[in-house]
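Here is a short set of questions and answers to read beside the model. Keep the sequence and the 3D view open.

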Amino acid sequence: MDAEAMRKGAVIGAGTMGHGIAQVLAMHGMAVSLYDPDPKALERARSSVRSNLDKGVEKGKLSS
C-alpha cells in the first residue's frame with residue numbers, strides 16, 4: 001500500500017507505546033483513533049500527547 005494513500009489509523013492500547021504511535025501518525029497528517037478499555041488511560045494519553053506537542057512548540061521543533 002502506498003504510504004500517501006493512508007489517511008486514517010487506529011491504535012489499540014493507550015499506554016506509552018500506543019499513544020506515542022498515535023502521536024506520530026497524527027503529526028504526519030493522519031486521522032487517528034486511539035482505543036483502550038480504560039477511560040483513564042485514554043485521558044492520560046491525551047494529556048501526554050498534548051504536553052509533548054506543547055513542549056515541541058516551546059522548543060521550536062514544531063509549529064503550533
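Helices (H or I, at least four residues) and strands (E, at least two) are DSSP runs here, numbered from the N terminus. The model is predicted.

Q: Which pattern does the protein follow, read along the sequence?
A: Start with the elements. The protein has two helices and two strands. Read along the sequence, their pattern is β-α-β-α.

Q: Which residue just after H1 takes a positive phi?
A: Helix H1 covers 16–27. Just after H1, a positive phi of about 90° is taken by Gly29.

Q: Why does the span of H1 agree with what its twelve residues should give, and how far apart are its end C-alpha atoms?
A: Use 1.5 Å a residue: the twelve residues of H1 should then span 16 Å. The model agrees, because the distance between the end C-alpha atoms of H1 is 16 Å.

Q: How wide is the arc that the buried residues of H1 cover around the axis?
A: Buried means under 20% relative accessible area. In H1, Gly18, His19, Ala22 and Gln23 are buried. They sit on the same side of H1, because around the axis they cover an arc of only 135°.

Q: Which residues are exposed on the other side of H1, away from its buried ones?
A: Take the covered side of H1 before the open one. What covers the buried residues of H1 includes strand E1 (8–12), E2 and H2. On the other side of H1, the exposed residues are Thr16 and Met17.

Q: What span is expected for H2 at 1.5 Å a residue?
A: H2 has 20 residues. From first C-alpha to last, H2 reaches 29 Å. That is close to the expected 28 Å.

Q: Within what arc do the buried residues of H2 fall, seen down its axis?
A: The buried residues of H2 are Ala41, Ala45, Val49 and Gly56. They line one face of the helix, because seen down the axis of H2 they fall within an arc of 70°.

Q: Which elements do the buried residues of H2 pack against?
A: Set the exposed residues aside. On the other side of H2, Pro39, Lys40, Arg44, Arg46, Arg50 and Glu58 are exposed. The buried residues of H2 pack against H1 and E2.

Q: Is Leu34 buried, exposed or partly exposed?
A: Leu34 lies in strand E2. Its relative accessible area is 24%. Buried is under 20% and exposed is over 50%, so Leu34 is partly exposed.

Q: How far apart are the C-alpha atoms of Leu34 and Val11?
A: Leu34 touches several residues beyond four places in sequence, among them Val11, Gly18, Ala22 and Leu42. Leu34 and Val11 are 23 residues apart along the chain. Their C-alpha atoms are separated by 4.9 Å.

Q: Which element gives the most to the lining of the largest pocket?
A: About 310 Å³ of space lies in the largest pocket. The elements that give two or more residues to its lining are helix H1 (16–27), strand E2 (31–35) and helix H2 (39–58). With six residues, the element that gives the most is H2.

Q: How many residues of each class, nonpolar, polar and charged, are in the lining of the largest pocket?
A: The lining includes Val32, Leu34, Leu42 and Leu53. Arg46 and Arg50 line the pocket too. By class, the lining has eight nonpolar, two polar and two charged residues.

How values were computed: Residues are numbered from 1 along each chain as its sequence is written. This is a predicted model: local features need pLDDT of at least 70, side-chain atom pairs count only at pLDDT 80 or more; totals for chains, interfaces and linings use all residues. Side-chain values use heavy atoms; hydrogens and water are left out. On a 1 Å grid over the protein atoms alone, a cavity is a set of points where a 1.4 Å probe fits but cannot get out, and a pocket is an open set with protein on both sides within 12 Å along at least five of seven lines; lining residues have an atom within 4 Å of a point. Grid points are joined across faces, edges and corners, and a volume is the space filled by probe spheres set on the points. Ala, Val, Leu, Ile, Met, Phe, Trp, Tyr, Cys and Pro count as nonpolar, Asp, Glu, Lys and Arg as charged, and the others, Gly among them, as polar. The expected span of a helix is 1.5 Å times one less than its number of residues. Buried means under 20% relative accessible area, exposed over 50%, partly exposed in between (1.4 Å probe, protein chains only). The arc is that of the directions from the helix axis to the C-beta atoms. Contact means heavy atoms within 4.5 Å.
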